[in-house]
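Open the model in your viewer and get ready to hop from one selection to the next. We will take the stops one at a time.

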Amino acid sequence: MELKARSFNPVTVKTDCLALLVPSRSDLGEAGKAVDEATGGLLTRVLKAGELKKSGDTVSAYAPAGLAAGKLLLVSAGDKTPDNREFVKLAGKVATGLGTSKSGALCLDDAVASDRDTAWCAEQIARALGEAAYRYDQTKSSKEDAAALRKLQLQSGGGRESAKLNAALTRGVAIAEGVNYARELGDLPANICTPGYLARRARSLATKHKKITTRVLNEKQMRELKMGSLLSVTAGTDCPAHMIVMEYKGAPRKTDKPVALVGKGVTFDSGGISLKPGAGMDEMKYDMCGAASVFGSLVAAAKMELPVNIVAAVPAVENMPSGRATKPGDVVTSMSGQTIEVLNTDAEGRLILCDALTYVGRYKPRAVIDIATLTGACVVALGNHASGLFSNDDNLADALLASGEAAGDRAWRLPIWSEYDRQLKSNFADMANIGGKGAGSITAACFLARFTREYQWAHLDVAGTAWNTGAQKGATGRPVPLLIEYLSRQAGG
Ligand code: BES
Ligand code: MN
Ligand code: ZN
């Protein structure tokens, strides 16, 4: 898809679809006025008829007389200037509306979000178009039609403004690419997307991008590193586990301290011996969405050439029951030396993350962020609107919250107080892997916090946000937008 900001005349622009954001109050913007005049008052009549009352209402007209465009798409921006979140929704409407045309021209007019500038709006438009183009068809015999849109021009004042908008469009395209990469990995079934498959995808990223290198540790190497906690999760499966380590070197100096991203990569979570109930178990193919978001973020960072260093660690395992599987009550020793009583083999995410978190300490990271579909309790607490955020550092937490807000990919912070940590007490090991009744997301985070004392750390529980259930079942690519916003702010832009 080719996206370009340039100055054009909406009346004479040759395009399959001219899209216009229109305020529902009567004072039209410049483009709106011009189109209204050229069409003999079409906009005024549509507005009078009340067809564009609510923000997001759309009206389209084919072969509109007076315009060179093949189709006119009007999207209502509501009766006041939309805020960030509304604008993101509007961008989605515009993307859907434009999806069936081959070429489009878009005028935001004066409907730009009140608390952001036009560049931010352009980024959202590019993101929405990119994300709307996602089709999962790898395991379908009839491939769905790809989005038709090949070219979009975005109205701009020209010159310096166009350059700024074009940079924003490029950012948006890169984020959408990262989001879609993560969605695809998430949507792939667990018989294709195995730990070995993730390792191959990581290697191919290194082949594609000059600034990415990949190293994959096998089980023997992990045994040598004493990752007994991670290995206890993979005991019951026939699929070999891998610790995938990718490095992106984008900072001016290769030696700049990296941000570490650690993604839970359970390619299927049956629960193990603490077997999950059957209903909805297919959705546990999504238990590697944390890992997928780490992959997606690297893809976007590389595409945007973000000037930061990133080290990404993905512990990739399958959690299955068998005669060799870990049993409730087994005690394992983590890489940190701390022992863990595995009271429930379905609390496996923390068991693989703790060893990965210890491992990334070697990179002297300036911050560590882990992303995991960690607890069903997080879905109960926050639903699918916000990811759960936990951190041992207020500045890091605030930066992540602000990034999520700006990217339309919000998180909400929960505490990790010592009162909760005490719930992890075990009679037979340094800690248990579950915290009993109550505050399941928090006790899971408290468990991780015991392995992250040496550095600034945050944990994002994306159990509720990483995929949609029901008729629209599918991965969302969250929290790639939040992470990219955070990383670009780290890079000073
Ligand atoms: N992957 C699940 C968490 C999950 C469940 C995410 C449902 C999204 C939807 C995780 O490994 C798990 O099973 N957690 C247990 C923890 C419990 C045993 C303490 C849970 O949430 O039930
Ligand atoms: Mn589980
Ligand atoms: Zn899990």
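## A walk around two metals and a ligand

Start by selecting the zinc ion (ligand 3): its protein donors are Lys264 (NZ), Asp269 (OD), Asp287 (OD) and Glu348 (OE), at 2.0 to 2.4 Å from the ion. Keep in mind as you look that this is a predicted model.

Now display the angles at this ion. The six donor atoms of the zinc ion (ligand 3) make angles of 78 to 175° with one another, and the site is octahedral. For comparison, the ideal angles for six octahedral donors are 90 or 180 degrees.

Next, colour the donors along the chain. Those of the zinc ion (ligand 3) are spaced K-x4-D-x17-D-x60-E. Asp269 sits in strand β10, while Asp287 belongs to the loop between β10 and α9 (289–304), so this pair ties together parts that lie 18 residues apart in sequence. Are Asp269 and Asp287 buried or exposed? Switch on a surface to check: both are buried.

Stay on Asp269 and bring in the second metal. Asp269 bridges the manganese ion (ligand 2) and the zinc ion (ligand 3), and the two ions are 3.1 Å apart.

Which atoms coordinate the manganese ion (ligand 2)? Select Asp269 (OD), Asp346 (O), Asp346 (OD) and Glu348 (OE), which lie at 2.0 to 2.2 Å. Note that Asp346 appears in that list with both O and OD. Here the angles among the six donor atoms run from 71 to 168°, and the site of the manganese ion (ligand 2) is irregular.

Trace the sequence again: the donor residues of the manganese ion (ligand 2) follow the spacing D-x76-D-x1-E. Two of them link distant parts of the chain, with Asp269 in strand β10 (residues 265–269) and Glu348 in the loop between β13 (339–342) and α10 (349–360), 79 residues apart. Like Asp269, Glu348 is buried.

For the last stop, select ligand 1 and its surroundings. You should find 16 residues around ligand 1, and the closest are Lys276, Asp287, Asp346, Glu348 and Gly376.

Try drawing these distances to oxygen atoms of ligand 1:

- from a side-chain N or O atom of Lys276, 2.8 Å;
- from a polar side-chain atom of Glu348, 2.8 Å;
- from a polar side-chain atom of Lys264, 3.2 Å.

Finally, show the surface of ligand 1. On its own, ligand 1 has 510 Å² of accessible area, and the protein covers 77% of that. Before you leave, go back to Glu348, which is a donor to the zinc ion (ligand 3) and also to the manganese ion (ligand 2).

Notes
Residues are numbered from 1 along each chain as its sequence is written. Chains are lettered from A and ligands numbered from 1 in the order in which they are written. This is a predicted model: local features need pLDDT of at least 70, side-chain atom pairs count only at pLDDT 80 or more; totals for chains, interfaces and linings use all residues. Side-chain values use heavy atoms; hydrogens and water are left out. Donors are N, O and S atoms within 2.8 Å of the metal (3.2 Å for Na, K and Ca); water is not among the atoms, so sites may look incomplete. Four donors count as tetrahedral if all angles lie between 85 and 135 degrees; four count as square planar and six as octahedral if opposite donors are over 155 degrees apart and all others between 65 and 115; anything else is irregular. Helices (H or I, at least four residues) and strands (E, at least two) are DSSP runs, numbered from the N terminus. Buried means under 20% relative accessible area, exposed over 50%, partly exposed in between (1.4 Å probe, protein chains only). A residue is near a molecule or strand if one of its heavy atoms lies within 4 Å of it. A polar contact is a pair of N or O atoms within 3.5 Å; within protein, one must be able to donate a hydrogen and the other to accept it, and residues adjacent in sequence count only if both atoms are side-chain atoms. Accessible areas come from the Shrake-Rupley method with a 1.4 Å probe; for residues, only the protein chains shown count as cover.
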